[in-house]
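Visitor: I'd like to learn how to read a fold feature by feature. Could you walk me through one?

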Amino acid sequence: NGGGLYDRFRNRVIIPIADERGRVVGFGGRVLDDSTPKYLNTPETILFNKRKILFGLDRSHRAIQQAGYAIVVEGYMDAISVFGAGVKNVVASLGTAFTTDHCQKLLRYASDIYFCYDSDAAGQNATVRAMSIVKETGAVVKVITIPDGKDPDEFLRHHSADEFRALVRAALPIVEYHIQYV
C-alpha cells in the first residue's frame with residue numbers, strides 16, 4: 001500500500017521446493033497462525049510449474065523404486081510428516097491438482113500409485129479426479145483412507161508411524177474405494 005517492498009512469505013514457515021534433480025525451483029510458505037491463505041507458493045514461472053513438480057521426488061525416488069509404489073499426498077507438510085515417520089516413498093502434488101505430468105514422472109519409478117489425500121470433501125473429490133487421470137495409464141491405483149477426517153500430517157501427530165503403515169497396507173483398490181465413496 002505504501003509503494004515499498006514487503007516479504008511475500010512474511011510470518012510463514014518457508015519450505016524450499018526442488019525439482020526431481022534436487023534444484024530449488026520455488027518456495028512454499030505456511031502460516032504460523034490462522035491467517036489466510038494457509039499455504040502460499042512461489043508464482044508460476046518457467047522453472048516452477050505446480051502441474052509438473054512433485055514435492056519430495058528428489059529425495060524419495062529411490063524409496064519409490066524399492067517399495068514398488070509411490071504415496072501421493074496433497075501438500076509438503078503432509079509429505080514432510082510421512083517422510084519423517086520413516087515412510088520414504090512419499091511425494092506431494094502441491095495441492096489437489098494431480099496431473100498427467102505427475103503421473104508420468106512417478107511411473108518412471110514404480111507402476112503403483114497410492115493416493116492419500118485429505119479426508120475432507122475437497123480431498124476426496126481430488127482423489128476421484130486423480131484416479132481418472134491415472135487409470136488410463138495402466139498403473140495400479142490404491143487409496144489410503146485416513147480416519148476421522150484427518151490429513152496424514154495430523155494423523156501422524158496423534159498416532160505412530162506403525163499405525164500409518166497399517167493404513168498403507170489396508171489401502172483400497174480403485175473399485176472398492178469407488179463403492180465406499182459412493
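Visitor: Where is P37 found?

Guide: Keep in mind that this is a predicted model. P37 sits in the loop between β2 and β3.

Visitor: What is the peptide bond from T36 to P37 like, cis or trans?

Guide: General idea first: most residues other than glycine have a negative phi, and most peptide bonds are trans. Here the T36 to P37 bond is cis, with omega near -5°.

Visitor: And phi? Which residue has a positive phi although it is not a glycine?

Guide: That's N11, with a phi of about 60°. N11 belongs to the segment before β1, and its relative accessible area of 61% makes N11 exposed. Glycines with positive phi turn up too: G86, which follows α2, has a phi near 100°.

Visitor: Let's do strands. How many bridges join β1 to β2?

Guide: As a rule, strands of a sheet pair through backbone hydrogen bonds, either parallel or antiparallel. In this model β1 (residues 12-18) and β2 (residues 24-31) run antiparallel and are joined by seven bridges. To find the register, look at P16, which stands opposite F27 in β2. The two strands form a hairpin with five residues between them, and G22 in the turn has a positive phi of about 90°.

Visitor: R21 is in the loop between β1 and β2. Is R21 buried or exposed?

Guide: Exposed counts as over 50% relative accessible area, and R21 comes in at 68%, so R21 is exposed. Now compare sequence with space: R21 and R59 are 38 residues apart along the chain, with their C-alpha atoms 9.0 Å apart. For contrast, take A126 and K88: they are also listed as 38 residues apart along the chain, and their C-alpha atoms are separated by 23 Å.

Visitor: In what order do the three strands of the open sheet with β1 and β2 come?

Guide: The order is β1-β2-β3, with antiparallel pairing. β1 and β3 (39-41) are the edge strands, each with a single partner, so one side of each has no neighbour in the sheet. From one strand to the next, the twist averages 25°.

Visitor: What is the order in the open sheet of five strands?

Guide: Read it as β5-β4-β6-β7-β8, with mixed pairing. The edges are β5 (90-92) and β8 (172-173); each has a single partner strand, so one side of each is left without a neighbour in the sheet. Further in, β4 (residues 69-73) pairs with β6 (residues 112-115) in the parallel sense over four bridges, and A70 has I113 in β6 as its bridge partner. β6 is also joined to β7 by four bridges, again running parallel, and there D112 partners V140 in β7.

Visitor: Which side chains of β7 point to one face and are buried?

Guide: V141 and V143 do, while V140 and K142 point to the other face and are not buried. That alternation is what to look for along β7 (residues 140-143).

Visitor: Which strands does α1 lie across?

Guide: Helix α1 (residues 57-67) lies across β4 and β5, running at about 135° to β5. Helix α2 (residues 76-84) packs on the sheet as well, touching β4 and β5, and its direction makes about 170° with that of β5. Within α2, the buried residues include Y76, A79 and V82.

Visitor: Last one, helix against helix. At roughly what angle do the axes of α4 and α7 cross?

Guide: They cross at roughly 150° and come within 12 Å, with α7 spanning residues 174-181. Over 145 degrees counts as roughly antiparallel, so α4 is roughly antiparallel to α7. The crossing is left-handed.

Visitor: Which residues in α4 meet α7?

Guide: A useful general point is that an α-helix has 3.6 residues a turn, so residues three or four places apart point the same way. In α4, Q124, N125, T127, V128, M131 and K135 meet I174, Y177, H178 and Y181 in α7. By class, that contact has five nonpolar, four polar and one charged residues.

Visitor: And A126, buried or exposed?

Guide: A126 belongs to α4 (residues 121-135), and with a relative accessible area of 0%, A126 is buried.

How values were computed. Residues numbered from 1 in each chain as written. Predicted model: local features only at pLDDT ≥ 70, side-chain atom pairs only at ≥ 80, totals over all residues. Heavy atoms only, no water. Buried < 20%, exposed > 50% of the residue type's maximum accessible area, 1.4 Å probe, protein only. Axes fitted to C-alpha atoms, helices over the stretch in contact; angles between N-to-C directions. Parallel < 35°, antiparallel > 145°, perpendicular 65-115°, else oblique. Left-handed = near helix turned anticlockwise from the far one by under 90°. Contact = heavy atoms within 4.5 Å. Nonpolar A, V, L, I, M, F, W, Y, C, P; charged D, E, K, R; others polar. Pairing = 2+ DSSP bridges.
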